[in-house]
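Here is a short tour of a protein model, written to be read with the structure open beside you. We will go from a sheet to the ligand and then to the domains.

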Amino acid sequence: MYDRARGLIPGATQLYGKRQEMTAPGQWPAYFTQARGCETVDPDGNHYIDMSMCGIGATLLGYADPDVTEAVIRRVRNGCMSSLNPPDEVELAELMMELHPWAQMVRFGRLGGESMTIAVRIARAYTGRDKVAFCGYHGWHDWYLAANIPVDPSEETVDRLGGGHLMPGLEPAGVPSGLAGTAMPFTYNRIEELRAIVDRHGSKLAAIVMEPTRNFDPDPGFLEEIRELATRCGACLIMDEITIGWRLWLGGAHLKYGLEPDMAVFAKTTGNGHPISAVVGRRDIMQAAQNSFISSALWTEAVGPTAALATIRKFQRVDVRSHVARIGEAARQGLKELADRCGVPFGATGHPALTFYHFDHPEAAALQTLWTVRMLDRGFLVAGGFYPTLAHEETHVEQFLGVCEPVFQELAEAIQKGDIEPRIGGPVKHTGFRRLV
Ligand SMILES: Cc1ncc(COP(=O)(O)O)c(C=O)c1O
């Protein structure tokens, strides 16, 4: 099926990270027919416990959560599209305002990158300025990929998005060259980099865009100074909560750190995998959306807001964030102990609820691929990290660690014998940006 897709769909899938080449080329199952709890079934009927990125972080309650699914089915039966608007979006707007006392208005979309683009458009409309300072990953849109367009034509290639923001090797093909110099990156917890941008471009800065956290907590004073810099230069401070939102704190990580941004953007798990996104913000700034044209037919369908209401109400009833932190911690502690015992140079970083793995070895990608392939044989999906869900229980972690033991022993043996790659039975996973042939 994946080979058929490659001939029909450029890049084979709609999400770069779901390419088979990113996990185990030729061996990763690639397609699902059913997904429930933390289990996925492929078209051949194989069942897998998902110990990977679990819906790429879009299903914090687990796959097909019964409460969300029931609400969505009810909505679908009653019709999800009409010439009129769904009242659910007004209820959702009120709920979002309840959770974000610093904000007074909200616009809804359906996708993450799309909603970051809405937020940046609003910031540009509000300030009448063009430039954006950013940290981290924010999607595929022109405002963001513009960071890789050379400002000076003598610079042949620019890889600003490689430095921890997106991925190395990404040409800004198809992004208008006129956007050169409009998007400037800075590194998390390196306030001096943002200070330098503000010193040089402050009067032209429309927005400072970042996640409140991704892999680490902010250094003391980091977020506070960012708030101050934004206020001082008149730029909108936009917090991207698309992946971290709801995972560490009800309403988003910015609330955990006591930060008041000008806008915050939610997507992905806001509807537990059903498309819905939200840009919440201060009234004066959000009203600038009316001076720009920001409008789409499918932003008015009803499933998204229905799913979000059911999902967020469940977040209010159930302490999901403590659960996923506990499961994430148990998995990574267990893996680290196993790795130490077997002599595998393995590490896990990030928040336990959003864990990333690495192998400190010259053949890190081959080791990761071999681990993935061996776990597939044993009924587990494993990739470069683990985003636990409410559906994962301690028993899943115990089962997973038990199965990992002989695999880590094999990884140690392969390192010792220098034959990691030949054991994979196929190519090594890709790293960085690559075209599929
Ligand atoms: C922080 C962040 N921003 C934006 C996006 C893009 O969201 P989407 O894939 O829904 O367009 C992602 C997706 O992984 C993300 O993690």
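Two strands pair if DSSP finds at least two bridges between them, and strands (E, at least two residues) and helices (H or I, at least four residues) are DSSP runs numbered from the N terminus. In that sense, Val-132 has Ala-207 in β7 as its bridge partner. Strands β5 (residues 131-134) and β7 (residues 205-210) pair in the parallel sense, over 4 bridges.

A word on the source: this is a predicted model, where local features need pLDDT of at least 70, side-chain atom pairs count only at pLDDT 80 or more, and totals for chains, interfaces and linings use all residues. Residues are numbered from 1 along each chain as its sequence is written.

The open sheet has 7 strands in the order β4-β10-β9-β8-β7-β5-β6, with mixed pairing. At its edges, β4 (105-109) and β6 (183-185) each pair on one side only.

Now to the ligand. Around it are 14 residues (C-beta atom, placed from the backbone, within 6 Å), and Gly-112, Gly-113, Gly-139, Ile-242 and Thr-243 come nearest. Helix α4 (residues 112-127) gives the most to this shell, 3 residues. The table splits the shell by class (nonpolar: Ala, Val, Leu, Ile, Met, Phe, Trp, Tyr, Cys and Pro; charged: Asp, Glu, Lys and Arg; polar: the others, Gly among them).

| Class in the ligand shell | Count |
|---|---|
| Nonpolar | 5 residues |
| Polar | 6 residues |
| Charged | 3 residues |

Finally, an automatic or database assignment divides the protein into domain 1 (2-64 + 319-424) and domain 2 (66-135 + 186-317). Their C-alpha centres lie 29 Å apart.
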